[in-house]
Amino acid sequence: MTDFTSVQNKVAIVTGASDGLGKAIAMCYAENGMKVIVSDINAEKGSKVVEEIKATGGEASFFQTDVSQEEDVRAMIDFAIETYGRLDGIVNNAGISAESRPTHEYSISEFDRLTSIDLKGVFLGMKFGIEAILKSKSPSGFVVNVASLAGLLGNSSMAIYTSAKHGVVGLTKSAALDYAPYNITVNAICPGTIKTSIWGDAPEEVIQQYAKLLSPNGRLGDPTEVAHLALFLASDLARYISGSAITVDAGSSAGKLTPTQWSHPEILE
């Protein structure tokens with residue numbers, strides 16, 4: 001099999017799907033025949049994503065969710081079952097960032113807020129999502145957790161975000177072992193620097209400067225490049241992949257980029 005027909009009619013939840021990576025994943029899933037529950041705390045933007053999906057012939061429904069709240073996550077799972085009769089997979093993408101500062105300068109409230117969404121929210125999605133996948137007797141269930149390159153590497157001035165994303169990778173690896181006997185794959189995607197709305201109205205020249213600084217290939221990633229990996233992990237092409245934390249970062253995690261002078265640069269001419 002070399003295509004993605006295996007995902008057709010699978011039912012999947014994507015959290016944090018009103019924008020950025022979550023929207024790209026939800027759109028990609030729907031374009032390939034999956035039934036998608038678009039979940040987000042922002043009802044207006046999330047509903048617009050559903051409208052976009054339906055306008056292109058896809059199938060989707062919106063459910064407003066605060067992933068840090070157990071009651072909301074339970075209700076989201078119940079909605080998926082009530083709407084589509086089953087659940088085959090969940091993408092735990094919802095997350096927030098924090099201002100960059102030294103570790104000791106973060107407040108306790110900042111730590112609690114970020115970890116309640118970025119780590120507890122992923123745990124809740126996994127807990128109740130996997131329960132529903134098991135009850136649905138899905139023959140090819142899957143969980144995709146969107147972590148970060150910060151889930152694999154340390155980052156100065158990003159202690160609480162980095163610790164939460166490391167936690168997501170740990171949850172992923174342990175759960176992969178828990179559910180391998182039941183044919184549920186559990187993987188994490190660790191994006192590098194991606195061009196999403198987090199850049200706001202930053203001038204293009206500023207974005208390009210950061211791209212050259214942060215990415216070995218000199219450009220920011222596109223959300224669809226993350227979405228394509230999420231689609232692969234939802235498909236039967238990836239049934240033997242579980243417990244992995246897969247980077248989408250143009251090689252940023254491979255090591256230190258050292259400037260090198262080529263002996264024969266004419267090869268590029």
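The legends below describe several close-up views of a predicted model.

**View 1. The open sheet and its two edges.**
In this predicted model, seven strands form an open sheet in the order β3-β2-β1-β4-β5-β6-β7, and their pairing is parallel. Strands β3 (59–64) and β7 (245–248) stand at the edges, where each has a single partner strand, so one side of each is left without a neighbour in the sheet. From one strand to the next, the twist of the sheet averages 20°. For a reader who follows a strand along its length, it helps to know that in a regular strand the side chains alternate between the two faces of the sheet.

**View 2. Two pairs of strands within the sheet.**
Strand β1 (residues 11–15) runs parallel to its partner β2, and five bridges join this pair; here isoleucine 13 stands opposite isoleucine 37, which belongs to β2. Strand β5 (residues 141–146) pairs with strand β6 (residues 184–191), again in the parallel sense, over six bridges. In this second pair, glycine 141 has isoleucine 184 of β6 opposite.

**View 3. Serine 39 in a mostly covered strand.**
Strand β2 is mostly covered, with five of its six residues buried, and serine 39 has its place in this strand. Is serine 39 buried or exposed? Its relative accessible area is 1%, and because a residue counts as buried under 20%, serine 39 is buried. When residues up to four places away in sequence are not counted, serine 39 touches Ile13, Val14, Thr15, Gly16 and Ala17, together with Phe62, Phe63, Thr65 and Met76.

**View 4. Two helices that lie across the strands.**
Helix α2 (residues 43–55) lies across β2 (35–40) and β3, and its direction makes an angle of about 175° with that of β3. Helix α5 (residues 120–136) lies across β4 (89–92), β5 and β6, and in this case the angle to β5 is about 170°.

**View 5. The oblique packing of α1 and α8.**
Two packed helices are described by the angle between their axes and the distance between the axes. For helix α1 (residues 20–31) and helix α8 (residues 223–234), the angle is about 50° and the axes are 8 Å apart. The two helices α1 and α8 are therefore oblique to each other, and their crossing is right-handed. On the side of α1, the contact is made by Gly20, Leu21, Ala24, Ile25, Cys28 and Tyr29, while α8 contributes Pro223, Thr224, Val226, Ala227, His228, Ala230, Leu231 and Ala234. Sorted by character, the residues of this contact between α1 and α8 comprise eleven nonpolar and three polar, with no charged residue among them.

**View 6. Helix α4 beside α6.**
Helix α4 (residues 108–118) has buried residues at Leu114, Thr115, Ser116, Ile117 and Asp118, and what covers them includes α5 and α6 (159–179). How are α4 and α6 placed with respect to each other, and at what angle do they pack? The angle is about 30°, and the axes of α4 and α6 are 10 Å apart. That makes α4 roughly parallel to α6, because angles under 35 degrees count as roughly parallel. The crossing in which α4 passes α6 is right-handed. Within the contact, Glu110, Phe111, Leu114, Thr115 and Asp118 of α4 meet Ile160, Tyr161, Ser163, Ala164, Lys165 and Val168 of α6. The residues of this contact between α4 and α6 divide into six nonpolar, two polar and three charged.

**View 7. Glutamate 205 and serine 215.**
Glutamate 205 is found in helix α7 (residues 204–214), and with a relative accessible area of 52% it is exposed. From glutamate 205 to proline 102, the separation is 103 residues in sequence and 28 Å in space, C-alpha to C-alpha. Serine 215 lies in the loop between α7 and α8, where its relative accessibility of 7% means that serine 215 counts as buried. If the neighbours within four places in sequence are left aside, serine 215 is in contact with Tyr210, Ala250 and Ser252. Between serine 215 and glycine 33 there are 33 Å in space, C-alpha to C-alpha, and the two are 182 residues apart in sequence.

Key. Residues are numbered from 1 along each chain as its sequence is written. This is a predicted model: local features need pLDDT of at least 70, side-chain atom pairs count only at pLDDT 80 or more; totals for chains, interfaces and linings use all residues. Side-chain values use heavy atoms; hydrogens and water are left out. Two strands pair if DSSP finds at least two bridges between them. Helices (H or I, at least four residues) and strands (E, at least two) are DSSP runs, numbered from the N terminus. Axes are lines fitted to C-alpha atoms, for helices over the stretch in contact, and angles run from 0 to 180 degrees between N-to-C directions. Contact means heavy atoms within 4.5 Å. Angles under 35 degrees count as roughly parallel, over 145 as roughly antiparallel, 65 to 115 as roughly perpendicular and the rest as oblique. A crossing is left-handed if the near helix is turned anticlockwise from the far one by less than a right angle, and right-handed if clockwise. Ala, Val, Leu, Ile, Met, Phe, Trp, Tyr, Cys and Pro count as nonpolar, Asp, Glu, Lys and Arg as charged, and the others, Gly among them, as polar. Buried means under 20% relative accessible area, exposed over 50%, partly exposed in between (1.4 Å probe, protein chains only).
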